[in-house]
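Biologist: Please take a close look at one part of this model, and then connect that part to the rest of the chain. I am a first-year student, so give the cut-off for each term as you go.

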Amino acid sequence: MDRVSRRTQVLSKHLLLLPPPSDHPLGANPCLNYSPPELSEPSDYFDPKAMRALLDSHNLEDRDWLFGVMRQSHLFNPRNAAGRVFVWPDYNQSMQQQREMTMKRIAYLLDRGVFRGWLTEKGVDAEMRKFALYEVIGIYDHSLAVKLGVHFFLWGAAIQFFGTKRHHDKWLRDTESYLIKGCFAMSELGHGSNVRGIETVTTYDRNTGEFVINTPCESAQKYWIGGAANHATHTIVFSQLNINGNNQGVHAFIAQIRDADGNVCSNIRIADCGHKIGLNGVDNGRIWFDNVRIPRENLLNSVADVSPDGQYFSAIKNPDQRFAAFLAPLTCGRVNIAVSAIYSSKISLAIAIRYSLTRRAFSITPNGPEVLLLDYPSHQRRLLPLLAKTYAMNFAANYLKSIFVKRTPDLNKTIHVVSSAFKATLTWHNMRTLQECREACGGQGLKTENRVGQLKGENDVQSTFEGDNNVLMQQVSKALLGEYWAAQKRNKQFKGLGLEHMNRTCPVISSNLTCSTLRSSQFQMDAFCLRERDLLNRFAVEVSQHQKHGKSKEYSLILSYQLAEDLARAFSDRAILQTSIEAEATVRAGPLKDVLGVLRSMYALICLEEDAAFLRYGYLSTENAAAIRKEVTKLCGELRPHALTLVSSFGIPDAFLSPIAFNWI
């Protein structure tokens, strides 16, 4: 057939809508249809409400109330997708628009009494309610949570911790009602984690009874100060205090940086830190002080004070202990960061696992149906160990909150060490979980509306703010070494930081690990304790050897950084496992306890598999390592039927997840 005739025939069939010939090689395929996983997944093995109560542990009604408060307002950007209404911030807005929306949402929540008592009420119940509501806010938007965290948990907590009655009376109620907007000027361009090295200088003018704050050089500019760029009216300034030519170390002062109309005060310069990879609803800024004068009463004086005639005095004579006291507010921040990291992991896992229970890919038989993603063993291996870790770390976060709200001077060291370890471990876990969930959602994970990819940028900052994770873990190892040397020097038993296992006989791991042994909490704890005690001994020996060769204590610790990293991880893993075992012990025998046992075993065995220290130092043989790997695969298969119920137990309303968690088609 010539070309003209062929084209005429094709066009005629198009125009006349003629059917294809009966021998046409292509048949019609049915389109994919979405089927909710609830229709096919078992959900009656254990009670998700009981599991949620165990996970959230407190103030469930307050949490659900706040979820409802946010769903009711257009300020929280409700939108229709997948036949549902979702609420999440509009990250397509400009940086300035995101910042202004953050402030409007704060005003809305303020009007509805969300922040009632956050600074003016005392007691465990008030603190736990504050934690619960703050966690819900973080589920909606990390920028909103961080903005509030700077105002309440840094500025507000600094006044609570460092101030005395005169400061509490003057500042706390106005802070709670947002008549004052506070920020926290600790970090400097030249010194972030090294707070002791900050360069801002404050002197006292006895002629006027005023302190004079000065930024002596560019590296002393206050940097990354949340709230400073646009909204804060006041700040806590951390500065070296110079009295009569003597440097008394770092102290905290209250300084006004803007007037009531938002104008920057005289002798103060503020600049914007600019657009970030996330958290653009927070206005991070830079501050310079040009001999700014503040009243003598603006020194936060619970730790130290200066008399009207310029005499310095402090109840804490040791400069190191005095400096440590000024870092107390950061502990509260670390608690919040650790907890919020777990809720971010929950969001991403709920989305990725729900998606994997309805999304199919490839068939394994000719003309057979395509397979659900979560029915692939490899996909289970990607997500279910992270789910088990999130459960274990949730219990660890609950423990951290419980000791923080019941804090006493005797607990300060424990809270500092545990909060440092958990903040680092839980935020690293969060970033790994977000990345894996993003990949597990394929291209859908890249869409902002599906949250997981966006959460990576929003939460990345957790690894470095309020303590760089690597530095925090070095502090953990240093504290453990201090306990070790103190016990050796006094010839006394270990007490505190969970190190009591050092007083007992060294555990022995069998050369032939069976399934029942691997799932035994006693074996799991023995393995974790063996690793921790051996690494602590090795760390002490290595540091001592460096010192014997003429190195200073500080440099010896630096040279032993690899053992320090291994030890801090061992401490954190063991402490997390302990909280998981204790949570499991509160549940009576039955399906819920059984599932918790599988989750706990998954957490313990995946830690054994992933940490090379178990093989490097010979705690496990290669045969035992292979047995653990096989057992993890079995555990994945056992958790698979409960995956939907386990993520439903997080208690996160559907509106706070994303479209691909539901009708992704």
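**One helix and its surroundings**

Modeller: Start with the outward side of helix H7: the face turned away from its buried side carries the exposed residues Lys165, Asp169, Lys170 and Arg173. Here exposed means over 50% relative accessible area, buried means under 20%, and partly exposed is in between, computed with a 1.4 Å probe on protein chains only. Helices (H or I, at least four residues) and strands (E, at least two) are DSSP runs, numbered from the N terminus.

Before going on, note that this is a predicted model, in which local features need pLDDT of at least 70 and side-chain atom pairs count only at pLDDT 80 or more, while totals for chains, interfaces and linings use all residues. Residues are numbered from 1 along each chain as its sequence is written, and side-chain values use heavy atoms, with hydrogens and water left out.

H7 runs over residues 165–176, twelve residues in total, and reaches 16 Å from its first C-alpha to its last, close to the 16 Å expected at 1.5 Å a residue. The expected span is 1.5 Å times one less than the number of residues in the helix. The buried residues of H7 are His167, Trp171, Leu172, Thr175 and Glu176. Seen down the axis of H7, these buried residues fall within an arc of 120°, so they line one face of the helix. That arc is taken from the directions that lead from the helix axis to the C-beta atoms.

What lies over this buried face? The cover includes two helices, H4 (95–111) and H6 (142–162), and two strands, S7 (234–243) and S8 (246–256). Just after H7, tyrosine 178 takes a positive phi of about 65°.

Further along the chain comes cysteine 183, which counts as buried at 0% relative accessibility. A disulfide is a pair of cysteine sulfur atoms within 2.5 Å, and a search of the whole structure finds zero of them. Cysteine 183 is accordingly in no disulfide, and the nearest cysteine sulfur, that of cysteine 273, is 11 Å away. For cysteine 515, the closest cysteine sulfur is in cysteine 636, at 14 Å, too far for a bond. Cysteine 515 is partly exposed, with a relative accessible area of 36%.

Position 183 also begins a range in the UniProt record: an unreviewed entry places "domain: Acyl-CoA oxidase/dehydrogenase middle" at residues 183–292. UniProt positions are given in the numbering used here, with feature names shortened, and the annotations may be inferred rather than shown by experiment. Over residues 183–292 the chain is 0% helix and 46% strand, and the end C-alpha atoms are 17 Å apart.

A salt bridge is a side-chain nitrogen of Lys or Arg within 4 Å of a carboxyl oxygen of Asp or Glu; the count by this rule is 39. One of them joins the side chains of aspartate 205 and arginine 293, at 3.1 Å from N to O. Aspartate 205 is in strand S4 (residues 201–205) and arginine 293 in strand S11 (residues 292–295), so the pair ties together parts that are 88 residues apart in sequence. Aspartate 205 is buried at 17% relative accessible area, whereas arginine 293 is partly exposed at 42%.

The unreviewed UniProt entry also lists Glu466 under "active site". Glutamate 466 lies in the loop between helix H12 (452–459) and helix H13 (469–490). Leaving out residues up to four places away in sequence, glutamate 466 touches Leu154, Leu330, Gly333, Arg334, Ile337, Lys423 and Leu472; contact means heavy atoms within 4.5 Å.

Residues 524–657 are listed by UniProt, again from an unreviewed entry, as "domain: Acyl-CoA oxidase C-terminal". Over residues 524–657 the chain is 78% helix and 0% strand, with the end C-alpha atoms 34 Å apart. Arginine 616 forms a salt bridge with aspartate 566, the closest N and O atoms being 3.2 Å apart. This pair links distant parts of the chain, 50 residues apart: arginine 616 is in helix H19 (residues 613–616) and aspartate 566 in helix H17 (residues 561–585). Aspartate 566 is buried at 14% relative accessible area, and arginine 616 is partly exposed at 49%.
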